[in-house]
Amino acid sequence: MNRFLGYIFSPIHYLAFLLFLLIFHPIQWVSLKLGGYMAHKRSVDLLNFFLVATYYLIGCRVTFKNNYQLPENRSIIFVANHQSMFDVPALIWFLRKYHAKFVSKIELAKGIPSVSFNLKHGGAANIDRKDPKQSISEILKLAKRMRENGWSAAIFPEGTRAADGVMKAFIPGGATTLIKKVPDALVVPIAIENSWKLTRFGKYPLSFGEHMKITVLKPLDPVNSSPEDLLKEAEALIRRHLA
């Protein structure tokens, strides 16, 4: 039934998703030019609200759970597992008040309406995974922006999506570099469940009626812990939750 209904409703979802990307591309440009960073950020937040709303067109419920009082005046490094492209708009929307900037593939920073514009001008780190020097440089620039502006960051340490829902081992690299360069940042693990099921039949049809869950786990204070140990603990907390 999930596949059958997916054939019917997937085109509606994709059309709505693309429409919002096209509508908000010029809105982002105008917002940035006339209102600067905050106006641009509000336009990006609103875009991702509508993108998440399109998930409901394929019967997908999205639940966000956070039982912790996270500081809004302190940088946070959100560390999450990664299951599908549906993870990102949901995280941008639900984490909007923390000004979370993503560590993203450089390929996404060109050719995609709205998405590429935000990655170029919104403060993200766009890394070339084939060029270690460029990747490190981008991470360091992001760390500098975090320290200067009190921004947060969101990173997927698996390095790629777990399309079958089986979480891959976390790769140190970018995550540990951020922790080192923003030593007072709180490290917050996030567990994402079931978003992989949306694409279990491929990009078409999407699976109808799934329930995507995003859960904020116990924050980890960097005091007296190495970046490597913090990342291992974040990975263990996410694995434990998913299990």
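Here are some short exercises on the structure above, each with a worked solution.

Before you start, note that this is a predicted model, where local features need pLDDT of at least 70, side-chain atom pairs count only at pLDDT 80 or more, and totals for chains, interfaces and linings use all residues. Residues are numbered from 1 along each chain as its sequence is written, and side-chain values use heavy atoms, with hydrogens and water left out.

**Exercise 1. Find out whether His13 is buried or exposed, and list what it touches.**

Step 1: Find the residue. His13 sits in helix α1. (Helices are DSSP runs of H or I with at least four residues, strands are runs of E with at least two, and both are numbered from the N terminus.)

Step 2: Check the cover. His13 has a relative accessible area of 0%, so it is buried. (Buried means under 20% relative accessible area, exposed over 50%, and partly exposed in between, using a 1.4 Å probe and protein chains only.)

Step 3: List the contacts, meaning heavy atoms within 4.5 Å. Skipping residues up to four places away in sequence, His13 touches Thr54, Tyr55, Leu57, Ile58, Phe86 and Leu206.

**Exercise 2. Do the same for Tyr98: where is it, and what is it in contact with?**

Step 1: Tyr98 belongs to the loop between α2 (87-94) and β3 (100-105).

Step 2: Its relative accessibility is 7%, so Tyr98 counts as buried.

Step 3: Leave aside neighbours within four places in sequence, and the contacts of Tyr98 are Asn66, Leu70, Pro71, Glu72, Ile76, Phe78, Trp151 and Ser152.

Step 4: Pick Ile76 from that list. Ile76 is 22 residues from Tyr98 along the chain, yet their C-alpha atoms are separated by 7.6 Å.

**Exercise 3. Work out why α2 counts as largely enclosed.**

Step 1: Count. Six of the eight residues of α2 are buried, so the rest of the structure largely encloses this helix.

Step 2: Name them. They are Asp87, Pro89, Ala90, Leu91, Ile92 and Trp93.

Step 3: See what they pack against: α1, β3, β6 (186-193) and β7 (211-216).

**Exercise 4. Describe how α4 and α5 cross.**

Step 1: Take the axes, which are lines fitted to C-alpha atoms, for helices over the stretch in contact, with angles running from 0 to 180 degrees between N-to-C directions. Those of α4 (residues 132-149) and α5 (residues 174-181) come within 9 Å and cross at roughly 35 degrees.

Step 2: Give the hand. This crossing is right-handed, as the near helix is turned clockwise from the far one by less than a right angle.

Step 3: Find the touching residues. Among them are Ile139, Leu140 and Met146 of α4, and Thr177 and Leu178 of α5.

**Exercise 5. Look at three salt bridges: how far apart are the N and O atoms in each?**

Step 1: Know the rule. A salt bridge is a side-chain nitrogen of Lys or Arg within 4 Å of a carboxyl oxygen of Asp or Glu. The structure holds eight of these.

Step 2: Start in helix α1. Asp45 pairs with Lys41, with the closest N and O atoms 2.7 Å apart. These two residues are four apart in the helix, so about one helical turn separates them. Both Asp45 and Lys41 are buried.

Step 3: Move to α4. Lys141 and Glu138 meet at 3.8 Å, N to O. Lys141 is partly exposed at 44%, whereas Glu138 is buried at 14%.

Step 4: Finish with Arg200 and Glu210, whose closest N and O atoms are 2.7 Å apart. Arg200 counts as partly exposed at 39%, while Glu210 is buried at 7%.
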